[in-house]
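Biologist: I'd like a close look at one part of this protein, the aromatic rings and what surrounds them. Could you walk me through that part, and then place it in the rest of the fold?

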Amino acid sequence: MTQIKTEPVASNTVMDIGIGGMTCASCVARVEKALNKVPGVASASVNLATETARIVVTDPALTDARLRRVVRDAGYEPRSVEAAEAQANNNSPWTGFAPVGFGLVLSAPLVMPMLGDLWGQHWMLPAWVQFALTTPVQFILGARFYKAGWHALKALTGNMDLLVSLGTTAGWLLSVWLWLTAHEGHTPHLYFEGSAVVITLVLLGKWLEARAKRQTTEAIRALHALRPDKAHWISEDGEVDVPVDEILKGDLIVVRPGERFPLDGELIEGQTQVDESMLTGEPLPVSKTAGAQLTGGSINGDGRVLMRVTAVGHETVLSHIIRLVEDAQAAKAPIQRLVDKVAEIFVPVVLLVALVTLGVWMLQGAQFETALIHAVAVLVIACPCALGLATPVAIMAGTGVAAKHGILIKDAQALEMAHRVQTVAFDKTGTLTVGQPRLTHQVPAPGQDESIALHWAACVQSGSEHPLARAVLAAAQAQTQAQGLKLLTPADLAAVPGRGVQATVDGHHLLLGSLRWLQQEGLDTALWASEVATLQAQGATLSALAERSAAGVQGLLLLAFGDEPKVGAAEALLALRGRGLKLVMISGDNQAAAEAMARRLGLRPEEGEVLADVLPGDKAAQVQKLREGGRIVAMVGDGVNDAPALAAADVGMAMGNGTDVAMHAAGITLMRGDVALVGAALDISAHTVAKIRQNLFWAFAYNVAGIPLAALGYLNPVIAGGAMALSSVSVMANALLLKRWKP
């Protein structure tokens, strides 16, 4: 969310403001400090990933314009609604690459002479050419470092931007001075290439980080997309299309077949089937008649209905889900924060060492030029381009190889935590199970032929797209082909919305639908009493086929529909248990049905591995309970209703066969929907985090070893620049070793 909005919370007001220009943890701390100083602000929390500030205001007179000014005075840009929306909708992977590309083009000619030295070719570009190539990189592309470094100085803090700006500026100024003071006919060693390459490589690292950071807002945008923009409002003049934001509580609105319900409400007139999978994760449409509750974002079936609005704005279920995802995401911090914290200490130390180096050499009688060269060498060798690349390059390499094997890792928080997971919680439907109803049992009435009855049921359903109808057709297909039977076209076909269908097949007047409807039509369901009790205890959905004749309505076939475990799910859970992980299945089914499915999957209900009767909105709370005691919890799900739980877990894993919202809210997406990929995701996490730590070690090792050598005069700025570049190369080469990983 990148635009300003206000929301009342008790007597306070919550304001969300988009902020541009933040690059590290010190930026976050600076903005929070500035906002918390404003009279009337109870608290301010800044999220670097989503680039927003959430401010709780106690003074009604405090305006968002005042808060915007505070953000700008702190050195950052409060985002306008138009600019925020433009950035949110720009999903190109190359967004923001232009400065990096410009820097690469200008830096390449400067680096070529250095590469020539490796093959004994000693040549150098004219000084004026080096100056012309470097200056735009230094002062146009590097302007962001000067700005951020200046604000860091004003706040008496240090960051990587400050070090980059000081080191590269010193190298540029020294090169200009040596060029302008050189004797006629003498070409001195210049250090322009060091400044240009440092700025370009650091910009490359920041661009890689920004690519990953942009994905964090996709979950919120996908959730907002579930709500229609318009509603068919019933006014005094009839039906009028108006923006959803203008609808009030108590208004009557019409929802046509196939449309999404714009808001929460109560069904007043009509009956329909509603696809609530975005909330429940369940594939079966739910019958709705007058008085039923409707949820905004769910999809209307084949009935035109009239509803009375009961909740608008932030009060709706969908808005509540959005807020849960936002709150959970706001608590996440990238692994790069560790680097930024170290940089706060590292920068002042490097500056102090450079000043001491300059002073000591001059006290020992060295010329100012010599002392300055050694001081600049300290700043150049300390420029943290390897430090800036260490995390994003490893992330790009690790996520790239993981994607080839069906695992999409989208943020550093997931990488940091996944290999430490102790408990894995699974949503049931669509995650551990297929998520599509199948005909699991068929019980013929006494004296009835099972195959003939199933054939008739398939004929009645032959033209339907209902999920249960498809299950009947799939079960009957093999049987009819084996017996040489052909589906007959039903006559007098009539659907009874929310109840079933009736038709005439081969002279038989057949009814197929819910047991409640058939009982109302006169069917005695006692003939299946024991089977009904057993199947309902297992969580099955029941229907029946009956025939209406002069003798009344007689039962022909009881049909039980249920979900099936995914192929390989039980084996995958066994492998996870072998890793020492605690496993939990979360389901909205009743206890008996949930335990029956859990045992088929190899889970142990007696050991607390099943959480049943969990409402969609309570999944996040269950995840929080599992996290009690400091346990690291991963949540695996596939539906919109899983999004808050996915975001609330230490690691969220979404099945790629689920909804876009679940995939955006999760840090890891298993693109094939294969449960076995959960273990593979934990493994690639361990390998990638190991590479990040190795990269950070090498980046700091170069600085720790190089700074004393530069201070003692063993490294000049050219060699220091080469060592700095070598550190970046080693970091990237180490990260590329991840490409050899296999599940």
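Modeller: Here is the aromatic part, followed by the strands, a helix and a couple of odd backbone angles.

Keep in mind as you look that this is a predicted model. To set the scene, the protein has 743 residues, and 52% of them count as buried. The fold contains 27 helices and 27 strands. If you take the contacts with a separation of 6 or more, 70% of them come from residues 24 or more positions apart. As for the outside, the accessible surface is about 32,500 Å², with 58% of that belonging to carbon and sulfur atoms.

Now the rings. Counting pairs with ring centres within 6.5 Å, you get 8 aromatic pairs. Take Phe139 and Tyr146: their ring centres are 6.0 Å apart and the planes meet at 10 degrees, so this pair is stacked. Neither ring's residue reaches the buried class, for which the cut-off is under 20%: Phe139 is partly exposed at 38% relative accessibility, and Tyr146 is partly exposed at 27%.

Trp177 and Phe368 make another aromatic pair, this one edge-to-face, with 6.3 Å from centre to centre and 80 degrees between the planes. Where do Trp177 and Phe368 lie? Trp177 is in helix α7 (residues 160-181) and Phe368 is in helix α13 (residues 368-382), so the pair ties together parts that are 191 residues apart in sequence. Trp177 counts as partly exposed, at 35% relative accessibility. Phe368 is partly exposed too, at 43%.

Back to Phe139 and Tyr146, because they belong to one aromatic cluster that also takes in Phe131, Trp172, Trp179 and Phe192. There is a charge to look at as well: the charged end of Arg144 sits over the ring of Phe145, 5.7 Å from the ring's centre.

On to the strands, beginning at the N-terminal end. Strand β2 (residues 12-20) is mostly covered, with 7 of its 9 residues buried. It runs antiparallel to strand β4 (residues 52-57), and 6 bridges join the two. In that pairing, Gly18 stands opposite Thr52. β2 also pairs with strand β5 (residues 77-78), again in the antiparallel sense, over 2 bridges. Here Ile19 faces Pro78 across the pairing.

Further along the chain, look at strand β8 (residues 252-255), which is joined antiparallel to strand β6 (residues 230-235) by 2 bridges. Find Trp233 and you'll see it opposite Ile253 of β8. β8 has another antiparallel partner in strand β14 (residues 305-311), with 4 bridges between them. For a pair of residues to click on there, try Leu252, whose bridge partner in β14 is Arg308.

There's also a little open sheet to pick out, with 3 strands in the order β11-β10-β13 and antiparallel pairing. β11 (286-288) and β13 (299-300) are its edge strands, each pairing on one side only. Between strand β10 (residues 272-275) and β11 there are 3 bridges. Thr272 is set opposite Lys288 of β11.

Next, a helix you can check with a ruler. Helix α26 (residues 677-711) has 35 residues, and at 1.5 Å a residue that should span 51 Å; the end C-alpha atoms are 50 Å apart, which agrees. After α26 comes Gly713, with a positive phi near 95 degrees.

Finally, the odd backbone angles. Most residues other than glycine have a negative phi. Asp492 goes the other way, with a positive phi near 55 degrees. This residue is found in strand β18 (residues 491-496). Is Asp492 buried or exposed? Asp492 is exposed, since its relative accessible area is 65% and the cut-off for exposed is over 50%. Asp506 also has a positive phi near 55 degrees. Asp506 is found in the loop between β19 (500-505) and β20 (508-513). With a relative accessible area of 60%, Asp506 counts as exposed.

Technical notes
Residues numbered from 1 in each chain as written. Predicted model: local features only at pLDDT ≥ 70, side-chain atom pairs only at ≥ 80, totals over all residues. Heavy atoms only, no water. Pairing = 2+ DSSP bridges. Buried < 20%, exposed > 50% of the residue type's maximum accessible area, 1.4 Å probe, protein only. Contact = heavy atoms within 4.5 Å. Areas by Shrake-Rupley, 256 points an atom, 1.4 Å probe, with all protein chains shown as cover. Expected span 1.5 Å × (residues − 1). Phe/Tyr/Trp six-rings, centres within 6.5 Å; stacked < 30°, edge-to-face > 60°. Lys NZ or Arg CZ within 6 Å of the ring centre and 35° of its normal.
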